[in-house]
Amino acid sequence: MNLYLHAFGQRYDLPISLALYLYAAAGVVVISFVLVAVFASDRTGARAVRYPRLAVPFLLALGRSRVVRAITGAIGVLALLTVIVTGLFGAQSADRNPGNYLTWVYFWAGLVILTGLVGNLWTLLNPWAALYDLATLGRRRAPRLRLPATVGVWPAALVYLLFALLELASGVASHPMLIAILAVVYSIVTLAGMALFGRDVWLQSCEGFTVLFGVIGRFGPVETERDEDGRLLGVWLRPWGTGLLQRQRAGWDWVVFVILMLTSLAFDGIIATSAWQSFDEAMTPWVQGLGALGQPVVRTAGMLLLGTAFLLIFVAFVRLMLFFGGARSEELTTVTAFALTLVPIALVYNAAHNYSYLTVQSQNLIPLLADPLGRGWNLLPTAGYRPSLVLSAVSTVWFMQIILIVLGHVVAVYLAHLRAGERFRSAQRALLSQYPMLVLMVLYTMTSLWILAQPITQGG
Amino acid sequence: MATSIGVLAASQVGHLLASELRQGPRALVPANAGAHAYAPTLTTVVLGITGGFVLAALLIVAAARAGRARPAPGAPRPRRSSVLDLVAVLFVLQLAIFLGQETIEAAAGGLPLRDAGDLVLWGCLGQLPVAFVAGLVLSPLTARLEAAVEELAGAAGQPLAPRAVVAAVQALAPARAALRPGSPAGASSQRGPPSLPRLHPIEH
């Protein structure tokens, strides 16, 4: 039996046509654009991306505390060990294995959303950083090898892609033992990488999850500043999303990383649609010779195809933006800066897509805590727990998805507008440059909602 | 113009590729009937025109090279537009044409419109590889063509333009000065806007 990531098991008859929902959502995005243009279009240059922040000494003390770091690090290590131990020695059916819930529900879906809501918790929970710090007693060691600066975050993007393909294309994502083995291999590679190239260099360039949570954490309301040795210098609170306006090194590696985030989430939805089913069937004759590898190959190709299409569409629209904005700046800098404004879309799409997964499936871990290895133990009085379905009515799910998707796109429109104010010469040019972005946002909104609607509605 | 033809041709090749991948070798058989009846003719004509354009472009580049004795040392290479930009623009336009074409075909044939997701998936699959190939070919070709056209135009215009134009302007200058009442002949060389007729107050 598989752990169905986004299964609803029931369908919902929309009270009105799906097309009306799509047009209404697009309309809200357009109206938000008008409001942004009216109320926030006068700022240009560095002033456009300035945001208020509030120093929080309490959080600074908390972040510097060794006790807090030890506790959070221990939680991260414990979670990693649970995945490995339950995967190797526990029940091999996905829905009876706590490691599977920890990996796919709590880590891959839940922690991403929590990071967006709260801030980058991964810096505290990262088990590999905690193990490395424990081994070195928290001292920074000189790296033995030097990672070329040109590497950027390409290795992290590759790790992200491979992890996404493991989930969506491999067909083996719900095999606990395989996940455990991969966790062991990845732990060895990461620890060795940190030892050879330096802790922070490896984490910031090659560790896919650190880069992922770093990007998502920029959306969060907590801002931190560290010195060269990683010591915390200050902690501030800021409005959600504004961290994405911070200066960012320009590079295709960052652009590709953000596009991969969007792609993996969209692809996760697309493979549940009837369009994908017919695509998959039509491609079957071409991969018949590959046997069991056929479907993973088609899905991998599909995800790469979608990612490339997303990237090209985004680049084409940035070209249009540069044209309308009377390009002042270098193209790559602009592409990178605007790519980060797509992060809210990835975040809300993640929340919308995994909504029922997080509100219902996550609760299935509770009874498993009584018997994590499936040996008939009764360690905790939770064995009889039954998941609450209060938040899982299909209509609730659908309306939450609409709200989240529209909200994310409105935030993206706002951030892109501020970014345009920074990058283009005048407020008028900045506004002009945002018309292509508006079209892109409307297309994204309608497409995202359409994808989300497929498994739970009967369409309209 | 060349890019428009390139986009149209690439979109038709992408259309053909998508059909081929979807239906296998029988893709072209149903294409000859019903709503797709026009497709083979259109594809052939557009590809023929594109081939003609490519040949003409290559001839122009060759002519420019033949007329040039040797490239000046350190002369700047023709500036290429970014391949990625070109591929991105080609892909978006090709996909838009593909979606429009499929919609019109369905409407004309009285068939139900295919699912939007289905169209986009097949559109991407057919158009993306073609956009890459077209971008890789068009980027250097357009750069060389532009440089060649500039070179040929420069070579053809250089001996004619300066003397003839200066002579014509000089010949016209006294005549224009003479036409302006009350102005000296040399006034035409003064810069600035022409002076307005001065109004004198009427004396009673």
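**Fold of chain B, the chain A sheet and core, and the A–B contact**

In chain B, the elements follow one another from the N terminus in the order α-α-α-α-α-α. This chain of the predicted model accordingly holds 6 helices and 0 strands. Of its 204 residues, 21% count as buried. When contacts in chain B are restricted to residues at least 6 apart in sequence, 83% of them join residues at least 24 apart.

Chain A, by contrast, contains a sheet. In this open sheet, 3 strands are arranged in the order β1-β3-β2, and their pairing is antiparallel. The edges are taken by β1 (54–55) and β2 (222–226) of chain A, and because each has a single partner strand, one side of each is left without a neighbour in the sheet. Strand β3 of chain A, spanning residues 232–237, pairs with β2(A) in the antiparallel sense over 5 bridges, while the antiparallel pairing of β1(A) with β3(A) extends over 2 bridges.

The register of the strands can be followed through individual residues. Within the pairing to β3(A), A:V222 is placed opposite A:L237, and A:T224 is placed opposite A:V235. A:L54 likewise stands opposite A:L237 in β3(A), so that A:L237 faces A:L54 on the one hand and A:V222 on the other, within a sheet whose edge strands each have a single partner. The strands β2(A) and β3(A) form a hairpin with 5 residues between them, and in its turn A:G230 adopts a positive phi of about 85°. Helix α2 of chain A (residues 57–64) lies across β1, β2 and β3 of chain A, and runs at about 140° to β3(A).

The largest nonpolar core comprises 148 residues, of which A:F257 and A:V258 touch the most other members. Helix α19 of chain A (residues 427–456) gives the most to this core, contributing 15 residues. With neighbours within four places in sequence left aside, A:F257 is in contact with A:V153, A:A156, A:A157 and A:Y160, and also with A:V211 and A:V215. In soluble globular proteins, nonpolar side chains tend to be buried together.

A further buried position is A:A337, located in helix α14 (residues 331–340) of chain A. A:A337 is classed as buried because 25 other C-beta atoms lie within 10 Å, the cut-off for this class being 20 or more. Apart from neighbours within four places in sequence, the residues in contact with A:A337 are A:Q248, A:R419 and A:R423. A:L117, from which A:A337 is separated by 220 residues in sequence, lies 22 Å away in space, C-alpha to C-alpha.

Between the two chains, 18 residues of chain A are in contact with 17 residues of chain B. On the side of chain A that touches chain B, α12 (274–287) and α13 (294–325) of chain A each supply at least two residues, and α13(A) gives the most, with 9 residues. By class, this side of chain A consists of 13 nonpolar, 4 polar and 1 charged residues.

Methods. Residues numbered from 1 in each chain as written. Chains lettered and ligands numbered in written order. Predicted model: local features only at pLDDT ≥ 70, side-chain atom pairs only at ≥ 80, totals over all residues. Helix = DSSP H or I, 4+ residues; strand = E, 2+ residues; numbered from the N terminus. Buried ≥ 20, exposed ≤ 12 C-beta atoms within 10 Å, placed from the backbone. Contact = placed C-beta atoms within 7 Å. Core = buried A, V, L, I, M, F, W, Y, C linked by C-beta atoms within 7 Å. Pairing = 2+ DSSP bridges. Axes fitted to C-alpha atoms, helices over the stretch in contact; angles between N-to-C directions. Nonpolar A, V, L, I, M, F, W, Y, C, P; charged D, E, K, R; others polar.
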